Amino acid sequence: MEQRSAQQSILNLFRLHGQTALVTGGNRGLGLAMAQALAEAGANIMIAARDEATNQQAAEKLRSLYGIECLSTSCDVTNEESVRAAVAQTIDQFGKIDVLVNSAGINIRGAIETLSLDDFKKVQEVNVTGTWLFCREVTPIMKQHGYGRIINMGSMLALTALAERTPYATSKGAILQLTRALAMEVAKEGITVNAILPGPFATEINLPLLNDPEKYQAFIAKIPLGRWGELHEIGGIALFLASPASSYVTGACFSVDGGWVAQ
Ligand code: NDP
């Protein structure tokens, strides 16, 4: 069996000291939980989301918990100029981007006949266009360095379906194919591109389910592990995909859903 050198001990492969991670939607919810995992592993973090006060609170939390450098930039992922500015600011401050996590996302639920075209477009713009814009902006920087890790947030609804989710399921199916196509494109450049497909976690995006005991229980009934995910349970896969430990993994997707899509 091939031996790993001491420097490549398995735990060292998960360390991110000296690396920079840009996390969209990193000011709360799953984005913040993933940023926290990367910060604990030593990465410096740039948070990109719209709400400046929430951005600053999250950045302060990560700085004080882990002693890393953490900055934030007010960014609307649907706006090309705003995405360019966020990436430029990250380069100004940190000099490079090793890890991109696309976690910004929204959901608008409802029976198809009750939804407007604007509802449909809004979901695609944040979930798909926003992710595509950040990938487009960051890929040349990673190519220059010959290294990169891109993580896109899909959903279990990329693989399986639920009623009254046409805009969201459409967008998350697109994320899966965006991930695979980009992975093919940059495979020879030292860049990997993978997707995480979460099941239900108690964050703001799910308030309509969390505030409805019947819907909340209906979800639990479908989850083999019998519960919603806890925020920290997204951290392990995020760190694996963000680190050198996942060097032979690209174009892949990882369900973190308590077993939902396995049935
Ligand atoms: P939250 O609602 O907690 O967080 C959403 C994040 O996206 C916030 O940081 C928000 O910040 C940011 N955001 C929304 N719109 C924009 C925009 N136009 N520009 C920039 N940032 C934006 O949701 P989660 O953390 O749970 O979701 C994170 C990702 O995980 C999403 O892609 C979601 O689809 C996916 N996911 C979540 C699941 C869950 O159960 N929670 C299940 C499956 C997938 P701000 O408002 O300040 O801009």
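How much space lies in the largest pocket? About 930 Å³. The model on screen is predicted, and the tour begins at this pocket.

**Stop 1: the largest pocket**

Select S103, A104, G105, I106 and I205. Of the 42 residues that line the largest pocket, these five lie nearest its centre. Next, colour α1 (29-40), β2 (44-49), α4 (117-145) and α5 (166-186). Each of these four elements supplies at least two residues of the lining. Colouring the lining by class gives 19 nonpolar, 14 polar and nine charged residues.

**Stop 2: the ligand**

Now show the ligand, which sits in the largest pocket. Select the residues around the ligand: there are 30 of them, and N27, L30, Y168, T203 and N206 come nearest. By class, this shell divides into 13 nonpolar, 11 polar and six charged residues.

Which helices each supply at least two residues of the shell? They are α1 and α5. The largest share, three residues, comes from α1. Both helices also appear among the elements that supply the pocket lining.

**Stop 3: contacts to ligand oxygen**

Zoom in on N206, D51 and I205 in turn, and display distances to the ligand.

- N206: a polar atom of the side chain is 2.7 Å from an oxygen atom of the ligand. N206 is also one of the residues that come nearest the ligand.
- D51: here a backbone N or O atom lies 2.9 Å from a ligand oxygen atom.
- I205: a polar backbone atom is 3.2 Å from an oxygen atom of the ligand. I205 is also among the residues nearest the centre of the largest pocket.

With these contacts on display, turn on the surface. On its own, the ligand has 880 Å² of accessible area, and the protein covers 95% of it.

**Stop 4: the second largest pocket**

Hide the ligand and move to the second largest pocket, which holds about 220 Å³ of space. Select L162, R165, L209, K215 and F219. These residues lie nearest the centre of the pocket, out of the 13 that line it.

Which helix gives the most to this lining? Colour α7 (213-221), which contributes three residues. Add α6 (207-210); α6 and α7 each supply at least two residues of the lining. By class, the lining of the second largest pocket consists of seven nonpolar, one polar and five charged residues.

Conventions:
Residues numbered from 1 in each chain as written. Predicted model: local features only at pLDDT ≥ 70, side-chain atom pairs only at ≥ 80, totals over all residues. Heavy atoms only, no water. Near = heavy atom within 4 Å. Polar contact = N/O pair within 3.5 Å; in protein donor to acceptor, adjacent residues only side chain to side chain. Areas by Shrake-Rupley, 256 points an atom, 1.4 Å probe, with all protein chains shown as cover. 1 Å grid on protein atoms, 1.4 Å probe; cavity = no way out; pocket = protein on both sides within 12 Å on 5 of 7 lines; lining within 4 Å. Sits in = over half its atoms within 2 Å of the grid points. Nonpolar A, V, L, I, M, F, W, Y, C, P; charged D, E, K, R; others polar. Points joined across faces, edges and corners; volume = space filled by probe spheres on them.
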